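User: I've got a model open and I'd like to know what stands behind the labels people put on it. Can you take me through some of them?

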There are 2 protein chains.
Amino acid sequence: MPKQKSSSRKKSSKAPSSVLFHADATDPDMLYFSRFDAVDPYLAFSHRGRKIGLTSSLEYGRMVAESDFDEILLLHEVEAKAKKRFKLNGKKPSRSQLVRQIAAEYKIKEFRVSDRFPAGLAFELQDAGVKVVPIIDGPVFPEREIKTAEEVELLRKGNEASAAGFRVVAKTLAESKIKHGKLYHNGKVLTAERLRELIELATMSKGAIALHTITAAGEQACDCHNAGTGPIPANELIVVDIFPRRAADGYWGDMTRTFLKGKASDAQHKLVKTVRKAHKLSIDMIKPGVAGGTVHEAVEDFFTKEGYETVRDSDQPRGFFHALGHCIGLEVHEDPVMRRGSKWRFRKGMVITTEPGLYYRGLGGCRIEDVVHVTSDGCELISKAPYRWEIA
Amino acid sequence: MPKQKSSSRKKSSKAPSSVLFHADATDPDMLYFSRFDAVDPYLAFSHRGRKIGLTSSLEYGRMVAESDFDEILLLHEVEAKAKKRFKLNGKKPSRSQLVRQIAAEYKIKEFRVSDRFPAGLAFELQDAGVKVVPIIDGPVFPEREIKTAEEVELLRKGNEASAAGFRVVAKTLAESKIKHGKLYHNGKVLTAERLRELIELATMSKGAIALHTITAAGEQACDCHNAGTGPIPANELIVVDIFPRRAADGYWGDMTRTFLKGKASDAQHKLVKTVRKAHKLSIDMIKPGVAGGTVHEAVEDFFTKEGYETVRDSDQPRGFFHALGHCIGLEVHEDPVMRRGSKWRFRKGMVITTEPGLYYRGLGGCRIEDVVHVTSDGCELISKAPYRWEIA
């Protein structure tokens with residue numbers, strides 16, 4: 001799906017020395033660091049290249065078996081030492097006292113923390129005299145930008161879950177009958193909600209959870225984060241954006257196809273054809289050394305040349321008003337993003353979406369999105385699903 | 001599921017005046033505040049009792065239609081003003097400049113932020129001279145502890161999704177055949193993974209996503225956060241813990257049942273019977289005015305009296321070594337928690353799990369978990385599923 005506009009982030013110079021985390025597995029940096037699927041937030045830190053996690057006896061066995069930690073500290077043992085150090089008379093140490101105990105034990109002078117680190121704990125540590133340096137000049141792990149072969153494989157699988165969703169959409173539309181402009185499937189009105197349910201079950205059967213799936217037809221698709229509601233109309237473009245997260249490892253898929261049940265008008269045909277051409281154009285351009293902005297701008301220029309005008313920064317934007325693509329990995333939306341003026345350049349090993357789209361009230365919307373892996377001299381498509389869109 | 005041990009949190013005195021957020025819908029306070037299911041983090045704040053959100057044109061339409069905001073600011077408009085104020089010569093304002101623009105416009109002298117607020121932005125604001133006060137002495141919205149009738153209903157529905165999971169487990173075990181100590185379902189070995197898949201599809205069909213479901217048999221259940229792997233053995237206790245999150249609104253279910261396929265031993269019978277008695281005992285005790293710790297301690301004393309000894313704070317704890325229950329709402333694990341020594345008292349409108357459990361290597365584990373809603377003179381069960389556990 002298209003990324004929401006956000007403030008820019010500068011790139012970092014080098015990896016930090018001692019990073020401190022207090023997070024669960026929904027923090028992608030913590031998951032990258034630990035590879036541990038934790039339900040509740042816990043403390044972890046790096047020290048001289050080693051990864052160290054802190055857990056209660058409840059999670060200890062699972063952490064030993066499943067995580068990437070080199071050392072696992074038992075919470076009650078660190079607590080016991082902190083009680084002694086801070087003379088707590090049996091009272092439970094606070095989170096910051098636990099961190100100070102660790103800092104003393106491992107002789108750590110300062111901790112670097114990610115932007116996502118909890119501000120409450122950061123201030124607590126600051127007040128207690130612990131030096132906390134936020135990593136604001138770039139990503140916590142710059143190496144996350146370049147995917148390993150194993151990561152590419154997991155992203156391929158994430159996209160297979162999206163593809164399973166499109167298969168069920170195509171099948172459902174093919175099986176549907178048109179009556180008075182509405183679709184009927186198995187005798188019932190086919191709604192955006194029902195289509196979403198079918199998609200979610202399909203991605204789930206591939207081990208991935210799809211939240212926020214978009215099945216938006218006609219005007220609805222022009223508000224391009226509208227999930228879609230109510231009956232799917234015949235002869236209207238239906239934007240279907242499926243971005244599931246793999247339950248086993250947290251890697252994502254993110255693909256969009258546009259469908260239509262019935263008969264498309266000439267204007268709809270031209271719109272879809274133009275988006276598909278822009279899609280191919282972008283894939284042909286992506287290779288190491290090319291700037292992200294160059295590809296976005298080429299697509300926008302192509303649209304303008306074909307007569308599709310863009311108006312952004314309005315409460316009713318139209319044309320091609322979102323970014324062309326975003327990196328993807330342990331987050332569905334990772335930096336860097338391809339947008340106008342993006343100076344960063346493609347590097348081998350990046351995995352990024354390309355998702356040109358055009359949206360006009362009265363006509364409808366079309367978006368086609370795939371995920372590519374940047375190779376040494378171009379890019380390979382790691383998301384695969386047919387582009388057939390007009391279903392009789 | 002049992003909550004991981006965490007450092008204690010003190011209660012707050014009063015609700016904050018102007019709260020600032022930068023989060024997506026995975027932050028439960030942000031979701032409570034906005035009721036907006038956002039994929040990407042965005043800025044929002046309260047001002048004189050009004051809720052104000054900041055969004056790009058991409059999300060604007062959906063935010064107007066779906067959120068609880070009283071006022072929605074368009075990002076590009078705030079950016080334009082910030083560019084002028086900070087003389088940025090067309091450069092994009094940073095997040096902290098956007099916040100400073102808002103502070104100037106709304107005459108806000110200080111922002112209160114939750115523990116989860118991103119530390120990077122908090123430090124940035126601090127450096128820019130904006131006063132940021134972390135809310136560390138209690139919850140951001142103390143009123144979240146007391147559930148409205150509508151919230152209780154959504155939690156009831158969340159637990160209906162858990163119950164759908166147990167139905168499929170009971171059915172699958174009933175349909176399974178035992179051969180050489182293993183279960184076979186539809187001719188295939190029944191594994192913990194397969195059982196989990198069936199549960200996930202069942203909760204999904206009730207509109208709720210179950211991650212981290214536990215289907216742990218025999219020894220595996222003694223490591224009580226172990227999800228369970230491999231063939232489900234006959235004649236062994238199987239702990240099944242299902243805690244799905246409703247996709248539509250973010251409210252959770254959380255229930256546990258213990259099953260056994262085949263024939264239970266006397267020791268297994270006694271274990272399950274004892275846990276079930278403790279479960280009833282806890283429900284009978286929960287009512288306004290009673291301290292959380294009192295209920296936990298009564299259960300632990302009962303277990304000890306029945307001959308079930310507890311050893312915690314070990315890498316192989318045994319007995320009843322986790323908390324008796326935790327509140328639940330927009331988080332599966334909310335404060336307060338019932339554990340030894342908990343001084344807080346039940347109040348009408350709280351919704352909490354009670355989940356006594358006993359675990360012994362060699363014998364196996366048993367946990368029974370339900371969710372109750374505290375009423376004026378007791379509590380009502382809002383999770384419903386049969387307790388039948390031995391399936392021939």
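User: Why is the contact of A:Glu151 with A:Arg35 called a salt bridge?

Analyst: First, keep in mind that this is a predicted model. The closest N and O atoms of A:Glu151 and A:Arg35 are 3.8 Å apart. The cut-off is 4 Å between a side-chain nitrogen of Lys or Arg and a carboxyl oxygen of Asp or Glu, so the pair qualifies. As a general point, side chains of opposite charge can pair when their charged atoms come close.

User: What makes that pair a link between separate parts of chain A?

Analyst: A:Glu151 sits in helix α6 (residues 149-175), while A:Arg35 is in the loop between α1 (28-34) and β2 (42-47), so the salt bridge ties together parts 116 residues apart in sequence. Over all chains, the structure has 56 salt bridges.

User: Why are α4(A) and α5(A) called oblique to each other?

Analyst: Helix α4 (residues 95-106) and helix α5 (residues 119-127) of chain A pack at an angle of about 60 degrees. Roughly parallel needs an angle under 35 degrees, and roughly perpendicular starts at 65. The angle fits neither class, and the two helices are therefore oblique. Their axes are 9 Å apart, and the crossing is right-handed.

User: Which residues make that contact, and what classes do they fall into?

Analyst: From α4(A) there are A:Arg95, A:Ser96 and A:Val99, and from α5(A) there are A:Gly120, A:Leu121, A:Glu124 and A:Leu125. By class, that gives three nonpolar, two polar and two charged residues.

User: Over in chain B, how do you know that β2(B) and β3(B) pair?

Analyst: Pairing takes at least two bridges, and four bridges join β2 (residues 42-47) to β3 (residues 50-55), so they count as paired, here in the antiparallel sense. One of the partnerships puts B:Phe45 with B:Ile52. The hairpin has two residues between the strands, and B:Arg48 takes a positive phi near 45 degrees there.

User: What is the sense of the pairing between β3(B) and β4(B)?

Analyst: Parallel, over four bridges, with β4 covering residues 71-74. B:Gly53 stands opposite B:Ile72 in β4(B).

User: And what makes β7 and β9 of chain B edge strands?

Analyst: Three strands form an open antiparallel sheet in the order β7-β8-β9. β7 (177-179) and β9 (188-189) each have a single partner strand, so one side of each is left without a neighbour in the sheet. As for β8 (residues 182-185) and β9(B), they pair over two bridges, and B:Tyr184 stands opposite B:Val189.

Notes
Residues numbered from 1 in each chain as written. Chains lettered and ligands numbered in written order. Predicted model: local features only at pLDDT ≥ 70, side-chain atom pairs only at ≥ 80, totals over all residues. Heavy atoms only, no water. Axes fitted to C-alpha atoms, helices over the stretch in contact; angles between N-to-C directions. Parallel < 35°, antiparallel > 145°, perpendicular 65-115°, else oblique. Left-handed = near helix turned anticlockwise from the far one by under 90°. Contact = heavy atoms within 4.5 Å. Nonpolar A, V, L, I, M, F, W, Y, C, P; charged D, E, K, R; others polar.
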